[in-house]
Amino acid sequence: MTHDIQALDRAHYLHPFSDFKALGEEGSRVIVSAEGVYIVDDQGNRILDGMAGLWCVNLGYGREELVDAATRQLRELPYYNSFFKTTHPPAVKLAETLCRLAPAHINRVFFTGSGSEANDTVLRMVRRYWALKGRPDKQLVIARENAYHGSTVAGMSLGGMAPMHAQGGPLVPGICHIRQPYWFGEADGQDPEAFGRECAAALEEKILDLGEERVAAFIAEPVQGAGGRSFPRELLAGGQGGARQVRCPAGGR
Ligand SMILES: Cc1ncc(COP(=O)(O)O)c(C=O)c1O
């Protein structure tokens, strides 16, 4: 069974963020089920899913109430679009719930199928917003080096991952990158507080450099993900101050 699936996988399935030579030689890891915070592979190994899928299985696996809700909805109305002034009750209710939970100034939701699509959309939206406000020159977006904002063309252009930029041909124009607040790798022993302020100041300097009238938005991950996460050491068991960066294997994952 494993070998059949791996052979079919090798023959037909293009994986994102994978080294195809290694995949071909070693075969893919086959995940067959999951429960709570664990995934199970086809060898019966139960693995703690520290990455929560791709940071998106926040509620855990095997939640019966989600299975029931999805089953009910698939029977009633499995799909309809929301173009051309159309809507449907579950989407409206979800939008309302999200706005209730979000900070007060966030009061509208635009649904997408992935983080990459969300960031593509946000880039178009922010540029359109300023154009409609009568400021069509306010189009530049500031992002951070080593940030990850997705793998579509706009997502990787907004992101600051040099290896992805090197792969991708011309990037979406009008996106500038400033330094990341990467204390562990770039502070050179500097006081963390002072280093943080210096990185924050880099944003202001870039806005002044480009001209406020040309800058449409700044995009950043509230907590850096794919580029590596830096934790204050006291948050890690047995730590004694300082910070530690946790880096994921190839491709930043
Ligand atoms: C901060 C951030 N933005 C965007 C994305 C892209 O999301 P998706 O993989 O759903 O396209 C990710 C994915 O890991 C992410 O961590």
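Guide: The bounds of a domain are taken from an automatic or database domain assignment. In this predicted model, the chain is divided on that basis into domain 1 (2-62), domain 2 (65-101) and domain 3 (115-237).

Visitor: How many Å apart do the C-alpha centres of domain 2 and domain 3 lie?

Guide: The C-alpha centres of domain 2 and domain 3 are separated by 32 Å.

Visitor: What is the strand order of the open sheet of 3 strands, and which pairing does this sheet have?

Guide: Two strands count as paired if at least two bridges are found between them. Here the order is β1-β2-β3, and the pairing is antiparallel. The edges are occupied by β1 (31-35) and β3 (46-48); each has a single partner strand, so one side of each lacks a neighbour in the sheet. On average, and with direction ignored, neighbouring strands of this sheet are turned by 30° against each other.

Visitor: Over how many bridges do β1 and strand β2 pair?

Guide: β1 and β2 (residues 38-41) are joined in the antiparallel sense over 4 bridges. Within this pairing, Ala34 has Ile39 of β2 as its bridge partner.

Visitor: Which residues form a nonpolar patch on the surface?

Guide: The patch consists of Met1, Ile5, Leu8 and Val32, which together present about 400 Å² of accessible area. Leu8 is placed in helix α1 (residues 2-12).

Visitor: Where is Phe17 found?

Guide: Phe17 belongs to the loop between α1 and α2 (20-26). Phe17 has a relative accessibility of 31% and therefore counts as partly exposed. Although 146 residues separate Phe17 from Pro163 in sequence, their C-alpha atoms are 11 Å apart in space.

Visitor: Why is strand β4 described as largely enclosed by the rest of the structure?

Guide: A residue is called buried when its relative accessible area is under 20%. In β4 (residues 140-144), 4 of the 5 residues are buried, so the strand is largely enclosed by the rest of the structure. β4 pairs in the parallel sense with strand β5 (residues 175-178) over 4 bridges, and Val141 stands opposite Ile175 in β5. With strand β6 (residues 215-218), β4 shares 3 bridges, and these two strands also run parallel. In that pairing Ile142 is opposite Phe218 of β6.

Visitor: How many salt bridges does the structure hold?

Guide: A salt bridge requires a side-chain nitrogen of Lys or Arg within 4 Å of a carboxyl oxygen of Asp or Glu. The structure holds 8 of them. One joins Glu212 to Arg135, at 3.8 Å from N to O. This pair links distant parts of the chain, 77 residues apart: Glu212 is in the loop between α10 (192-210) and β6, and Arg135 is in the loop between α6 (115-132) and β4.

Visitor: Which residues are linked with Arg135 and Glu212 in a network of salt bridges?

Guide: Lys138 completes the network with Arg135 and Glu212. The closest N and O atoms of Lys138 and Glu212 are 3.1 Å apart. Because Lys138 lies in the loop between α6 and β4, and Glu212 in the loop between α10 and β6, the pair ties together parts that are 74 residues apart in sequence.

Visitor: Is Lys138 buried or exposed?

Guide: Lys138 is buried, with a relative accessible area of 5%. Glu212 is partly exposed at 44%, and Arg135 is partly exposed at 31%.

Visitor: Where do Glu193 and Arg197 both lie?

Guide: Both residues lie in helix α10, 4 residues or about one turn of the helix apart. Their side chains meet in a salt bridge of 3.2 Å, N to O. Glu193 is partly exposed at 48% relative accessibility, whereas Arg197 counts as exposed at 57%.

Key
Residues are numbered from 1 along each chain as its sequence is written. This is a predicted model: local features need pLDDT of at least 70, side-chain atom pairs count only at pLDDT 80 or more; totals for chains, interfaces and linings use all residues. Side-chain values use heavy atoms; hydrogens and water are left out. Axes are lines fitted to C-alpha atoms, for helices over the stretch in contact, and angles run from 0 to 180 degrees between N-to-C directions. Patches are made of residues with over 30% relative accessible area and no salt bridge: like charges are joined within 9 Å, nonpolar side chains (Val, Leu, Ile, Met, Phe, Trp, Tyr) within 5 Å. Accessible areas come from the Shrake-Rupley method with a 1.4 Å probe; for residues, only the protein chains shown count as cover. Buried means under 20% relative accessible area, exposed over 50%, partly exposed in between (1.4 Å probe, protein chains only).
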